[in-house]
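Please open the structure in your viewer and keep the sequence panel beside it. The tour below suggests what to select next and describes what is there.

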Amino acid sequence: MTILAVEDLGITFGGLRAVDGVSFQVSLGEVFSIIGPNGAGKTTLFNLVTGIYRPGRGTIRLAGEDVTHLAPHLLVRRGMARTFQNLQIFFRMTAVENVMVGHHLSERTSLLADMLAWPTVARQNRRTRTRAMELLERVGLAHHAETVAGELPYGVLKRLEIARALAVDPKVLLLDEPAAGCNAVETEAIDRLIVRIAESGVAVVLIEHDMKLVMKISDRVLVLAHGRRLAEGPPREVRNDPAVIAAYLGEHGAREADRAHG
Amino acid sequence: MLKTLLSSRLAVLLLLAVVIALVPVLAPSSFYLRVAALVWVFALAALGLTILMGYAGQVSLGHAGFLGIGAYAVAIGPARLGLDPLLSLVLGAVLCGLVAYVVGKPILRLKGYYLAIATLGFGLIVALVLTSEGAITGGPDGMQVPRMTVLGWRVSGIQTWYWITGGALLIGALLALNIQASPSGRAFRALHDSEIAAAGVGVDVASKKLAAFVISGVYAGVAGSLLALMNGFITPEAAGFMHSIELVAMVIIGGLGSVVGTVVGAAFLVVLPQALTMLHEYEQAVLGLLIMAFMILLPAGIVPSLRRLVLERVR
Amino acid sequence: MAGLVPAIHVLFGDEVEHVDARHKAGHDDVRVCGAGCKVMAEFLQLVFSGLTVGAVYALVALGFTLVYNASDVINFAQGDFVMIGGMGTVFLMAAGVALPFAVLIAVVAAVLVGLLLHRLAIEPARGASPVALIMITIGASIFIKGVAQIVFDKQFHSLPAFSGTDPIAIGGATILPQSFWVIGGMLALVFGLWLFLERTLIGKAVLATAANRLAARLVGINVTVVLALAFGLSAAIGAVGGVLVTPITLTRYDVGTLFALKGFAAAMVGGMGNPIGAVVGGLLIGLMEAFGAGYLSSTYKDAVAFVAILVVLLVMPQGLFGRRSVERV
């Protein structure tokens, strides 16, 4: 079932068409990857879809509802969560608190109750903490729960961001280079994690430079170049698409690749 | 173990309560009691700023404006409108909350330096109004604050005011600590570190900032009311730029985001000028020098730095 | 509690009345004048006083801009350079030094303070948060004021006008000769600064550092020296402004606060970091204030300017000449 439908999306920065008429659809339980050379507009596309930038044109539909101009925090309420290319962690909070913030929307207390430490607040805190711990367990970070995030290594924080995004119980999860800067072991852990998330019925939209990872776990791949759609399809098809190879390797590289393929 | 003890809510409150209880025992004269009461009042005002700056990460260089509004509420209410002083105090707090809401709504969209200058401008305008509307406020010379009577009991004497301000500080500290450990507090601290990520998990960043601003305004307002009632006199200087800066300095010098640190910072900045009275001429120079020195040499603030030291010793 | 007497605004309230009082003498000359002409004359009068004060705001804003571009620091002590220039000259002249030398020494003193500020307070705090930097420079400002009230005193002082006090009549309004000094001095400084930045190697190094600090370092520019230069220059500019305007507005140890506020507001209105914006912003703030004082209320002149600034900020957060920045995530 299609959960996210992007139609003819575009934005211009000072004359540069950073994203230019991109359309795609993602279904629940699917891993949909967006790849492309640096500067192709991948992260910009994410920022458009998650409401951080206002699109110049096009529409975004989430579960059939037009959400094109909604603010980020309202999109989250409708089931959209994301991680960030350059980490956006709450560095002064502990790992478990980071994930607890992710549960913010499901917490049922008021500011007044919070100030007065109403009994409901303590109960809510316990409930949130338990759920946050479960998520930390799920991404394999339970042992770091009480560590201040600023003291944790990069690879761990990447997974912490995923746990925090999962805390909003998303229908669509956008991951911006979750394996960037991670070593082989960490990458594999993230790879398994993503597959499991998709299996649980979440639509995963993935930006990633690690082609091995992308080809292994994606159901479909969208290739962007200069803000436009270059190709879309299953990994195998996309990998052999001459236009894609040309975009990645340049014309010369494409000829070489042709020769190599015989 | 030590770490949890140092950060537990109960421990902080107990510590504060013990200090508040001990000062009158140790104070050799009522002068010291008065200074201590001033510390509690300014600590209360600074606690609001701790919620705004320390938790939510939003700077305000105009918080003395709220101090002034609260102070003049208990002066103008009874003297010009015939209101009960206690009611005036409550109305003053409500007014501070409203003003904070109306002012904060547009300006909290600004960040960093821009927010700093906008809040500074707010404080300036409040001080300007208090100075210029002489018919109501008594102008630059200030005005008398009528004594408070509660149920026929005339509230006066530094003894009484010492306990009132100390109690108010304890309540203020309790509420601030409660917020810190609550869902709202987590949202505040989250947007301090990354607004984008906070919005990315559904935190309504704008409304949370506004909530923190309103709370902090009410804190400063109540502190201002207490200050005016205790002194029995008030001038527009209460809302002045220097007080705004001192409040921020208290929060940062003590340790940004730390409740104990805020009280320590307030104590430092209130007691110091008293200690420097013999060097009265040099007071301003010394104050400026100290603010600079602390920011450069101890950017984390007194209490967090001490805490780290203690924890490292134990380890 | 250190008491900053709330008299700064009184000073600024005074200052326009001061100007007006001298101008009113000139008003009597224009007797053959209808109602419409009177309105026009009044308007022109406000423009003159607005441009005069605005020129000083422009200089302070220019100082902010220089430092901000080179270091991302907003120097809240910027206004105190204005005070040092004015007070220094006053006291040197009182000690018998001739005006030109007094000005020179006062400006050099301000530059020294600027360099010391950079060396002792800004440089050691490299990498501090904006809030910490705000507090450091505010601390510096308080310190400078504290020292100034000891070295100088707590009284208001004035300087004799450079070339007479006979108002010059223009279009029914009058303007003080000193206003030409202020506005002309501002223009000369702006032009000189432009020449320096565009035509000298070290000036280009400043521009390069402003554009990209890391890249500047990579091509061998000594960034620390450039930053020191920016602080020294901004101090000099502020001090000269202080000297020029003191015959009109009087000066005291604590006038820096409002000059800093207005100058900063001017820099923001113009678009932080843009020198032309700083000049235009300064003149605009000066005009807004003059019109606020003339048509609305001279008591709330400062408030009028601030409200206007807030509106500009909220409608155009990037200022009139600033570039829109896109947040990268």
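**First stop: the six-stranded sheet of chain A**

Select chain A and look for an open sheet of six strands with mixed pairing, arranged in the order S6-S7-S8-S3-S9-S10; two strands count as paired if DSSP finds at least two bridges between them, and helices (H or I, at least four residues) and strands (E, at least two) are DSSP runs numbered from the N terminus. At the edges stand strand S6 (80-82) and strand S10 (228-233) of chain A, each of which has a single partner strand, so one side of each is left without a neighbour in the sheet. From one strand to the next, the twist averages 20°.

This is a predicted model, in which local features need pLDDT of at least 70 and side-chain atom pairs count only at pLDDT 80 or more, while totals for chains, interfaces and linings use all residues. Residues are numbered from 1 along each chain as its sequence is written, and chains are lettered from A and ligands numbered from 1 in the order in which they are written.

Now select residues 220-225 of chain A, which form strand S9 and pair with S10(A) in the antiparallel sense over five bridges. Within this pair, A:Val223 stands opposite A:Ala231 of S10(A).

**Second stop: the four-stranded sheet and a helix**

Still in chain A, four strands form an open sheet with antiparallel pairing, in the order S2-S1-S4-S5. Its edges are strand S2 (16-27) and strand S5 (65-66) of chain A, and each has a single partner strand, so one side of each is left without a neighbour in the sheet. Strand S4 (residues 57-62) of chain A runs antiparallel to S5(A), to which two bridges join it, and here A:Arg61 stands opposite A:Asp66 in S5(A).

Next, select helix H1 (residues 42-49) of chain A, which lies across strand S3 (31-35), S6, strand S7 (172-176), strand S8 (203-207) and S9 of chain A, running at about 150° to S7(A). H1(A) also lies across strand S1 (2-13), S2 and S4 of chain A, at about 65° to S2(A). For these angles, axes are lines fitted to C-alpha atoms, for helices over the stretch in contact, and angles run from 0 to 180 degrees between N-to-C directions.

**Third stop: where chain B touches its neighbours**

Show chains A and B together: 24 residues of chain B are in contact with 32 residues of chain A, where contact means that the C-beta atoms, placed from the backbone, lie within 7 Å. On the chain B side, helix H8 (158-180), helix H9 (183-193), helix H10 (195-200) and helix H11 (205-231) each supply at least two residues, and the largest share, eight residues, comes from H9(B).

Then add chain C, whose contact with chain B takes 43 residues from chain C and 44 residues from chain B. On the chain C side, the elements that give two or more residues are helix H5 (130-151), helix H10 (256-270) and helix H12 (301-315), with the largest share, 16 residues, coming from H5(C).

**Last stop: two spans of chain B**

Which span of chain B is 100% helix? Select residues 160-179 of chain B, a span that is 100% helix and 0% strand, with its end C-alpha atoms 29 Å apart. Residues 247-273 of chain B, by contrast, are 85% helix and 0% strand, and their end C-alpha atoms lie 14 Å apart.

Definitions and conventions. Contact = placed C-beta atoms within 7 Å.
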